[in-house]
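User: I am a first-year student, and I would like a close look at one part of this protein: the nonpolar core, together with the aromatic rings. Please explain it in a connected way.

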Amino acid sequence: MLIKVSHPHPIKPSEITPEAVYGGRRRFLLQMGLATEGAALGGCGASASDNSANVCLASLNVTKRSALAGNETVTAYEDITHYNNFYEFGTTKEAPARNAGRLRTRPWSVVVDGESEAPGHIDLDDLIKPQVLEERIYRHRCVEAWSMVAPWIGVPLAGLLERFKPTSKAKFVAFYSLFDPQQMPDTARGVLNWPYREGLRIDEAMHPLAFLSVGLYGRVLPNQNGAPLRLTLPWKYGFKSIKSIVRIQFTEWQPEATWNQLAPQEYGFYSNVNPAVDHPRWSQAHERRLGELFKRETLLFNGYPEVASLYSAMDLRTLF
């Protein structure tokens with residue numbers, strides 16, 4: 001049963017947290033001194049044991065800016081980049097920021113294949129040109145009942161997929177993360193069935209809110225946040241926003257999704273944010289925004305009612 005929510009009001013530029021505040025004064029000064037326009041993506045050369053990549057990330061220019069998170073404060077950069085799920089680099093929230101510096105993000109390309117009339121690949125350089133980049137401020141809800149508001153930089157997913165001309169048989173889109181035990185030593189623990197995989201119905205993938213991110217807070221995407229290319233789906237729980245993508249595949253049948261395959265009773269394929277459908281081990285009715293003390297009510301589709309038409313014929317309690 002759908003719950004009616006009010007359409008979010010656009011966020012005002014004056015309400016966005018100033019950069020000197022969200023990054024911390026020392027970090028901000030370091031970034032300004034070390035980051036240069038057009039510098040190579042991920043070119044900081046940080047070791048696996050330190051976090052220096054976070055203070056020398058290249059700035060990104062954007063052509064279009066949009067604010068879609070309502071009248072909310074953007075979450076602090078420090079919180080967004082130091083409270084992450086990225087099991088390839090550790091299972092605690094702090095481990096990815098500590099360990100992901102070993103990931104080499106250049107050169108990088110993504111294979112696009114399957115039910116496609118024009119299969120090929122995406123060169124990352126095509127996605128970091130100022131004339132094609134957008135900034136979108138999205139709210140996000142993690143399945144563990146925490147949330148954030150983040151200013152992503154990237155491109156709409158639909159426009160990119162259309163380049164490869166999916167056939168009439170393409171009903172779904174599958175995504176695959178990088179699997180490299182040398183760069184991602186925590187994959188040896190076998191916590192998940194690697195590589196990490198996710199999937200969408202093709203109409204979901206073509207929705208205007210679906211986004212491919214290459215940057216965050218005006219700079220190149222930090223490794224721990226899914227560099228150099230991640231999916232961003234603000235109306236779904238966070239684990240659907242797959243990181244470090246190396247393959248996109250058009251398929252006729254519903255693809256495997258890592259968490260859905262591991263525990264289907266806990267993680268549905270659709271994974272739409274829904275306060276009326278609890279996780280078996282906790283309620284989803286409330287969430288805690290990073291940096292805030294008190295919880296707030298969770299909104300259906302995370303407060304993005306424009307996606308409701310995608311699921312109008314579905315029972316969201318069983319197809320969660």
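Analyst: The following account begins with the core, turns to the aromatic rings, and ends with two individual residues.

The model is a predicted one. In soluble globular proteins, nonpolar side chains tend to be buried together. The largest nonpolar core here has 82 residues, and the members that touch the most other members are Leu157, Phe175, Leu231, Trp235, Ile245, Ile248 and Tyr311. Strand S5, residues 146–156, supplies the largest share of this core, with seven residues.

Isoleucine 248 shows how such a residue is surrounded. With neighbours within four places in sequence left aside, isoleucine 248 is in contact with Val110, Val111, Val112, Asp113, Ile122, Leu161, Val173, Ala174 and Phe175. Phe175, in this list of contacts, is also one of the core residues that touch the most other members.

The aromatic rings come next. A search of the whole structure finds 12 aromatic pairs. One of them joins tyrosine 138 and tyrosine 304, whose ring centres are 6.0 Å apart and whose planes stand at 80 degrees, an edge-to-face arrangement. Tyrosine 138 belongs to strand S4 (residues 134–141), whereas tyrosine 304 lies in the segment after strand S13 (296–297); the pair therefore ties together parts that are 166 residues apart in sequence. Both tyrosines, 138 and 304, are buried.

Some rings gather in a cluster: Phe172, Phe269, Tyr270, Phe301 and Tyr311 form one aromatic cluster. Tyr311 is also listed among the core residues with the most contacts to other members. Over the ring of phenylalanine 269 sits the charged end of lysine 240, 4.4 Å from the ring centre. In a similar way, the charged end of arginine 247 sits over the ring of tyrosine 176, 5.0 Å from its centre.

Two further residues may be set side by side. Threonine 81 lies in helix H3, residues 77–82. Threonine 81 counts as buried because its relative accessibility is 0%, and the cut-off for buried is under 20%. Beyond four places in sequence, threonine 81 is in contact with Ala97, Leu216, Pro222, Gln224 and Asn225. The C-alpha atoms of threonine 81 and glutamine 224 are 6.7 Å apart, although 143 residues separate the two in sequence.

Glycine 120, by contrast, is partly exposed, with a relative accessible area of 29%. Glycine 120 is placed in strand S3, residues 120–123. Not counting residues up to four places away, glycine 120 touches Val110, Val111, Val112 and Phe164. Val110, Val111 and Val112 are also among the contacts of isoleucine 248.

Note on methods: Residues are numbered from 1 along each chain as its sequence is written. This is a predicted model: local features need pLDDT of at least 70, side-chain atom pairs count only at pLDDT 80 or more; totals for chains, interfaces and linings use all residues. Side-chain values use heavy atoms; hydrogens and water are left out. A nonpolar core is a set of buried Ala, Val, Leu, Ile, Met, Phe, Trp, Tyr and Cys residues joined through side-chain atoms within 4.5 Å. Buried means under 20% relative accessible area, exposed over 50%, partly exposed in between (1.4 Å probe, protein chains only). Helices (H or I, at least four residues) and strands (E, at least two) are DSSP runs, numbered from the N terminus. Contact means heavy atoms within 4.5 Å. Rings of Phe, Tyr and Trp (its six-membered ring) pair if their centres lie within 6.5 Å; planes under 30 degrees apart count as stacked, over 60 as edge-to-face and the rest as tilted. A charge sits over a ring if NZ of Lys or CZ of Arg is within 6 Å of the ring centre and within 35 degrees of the ring normal.
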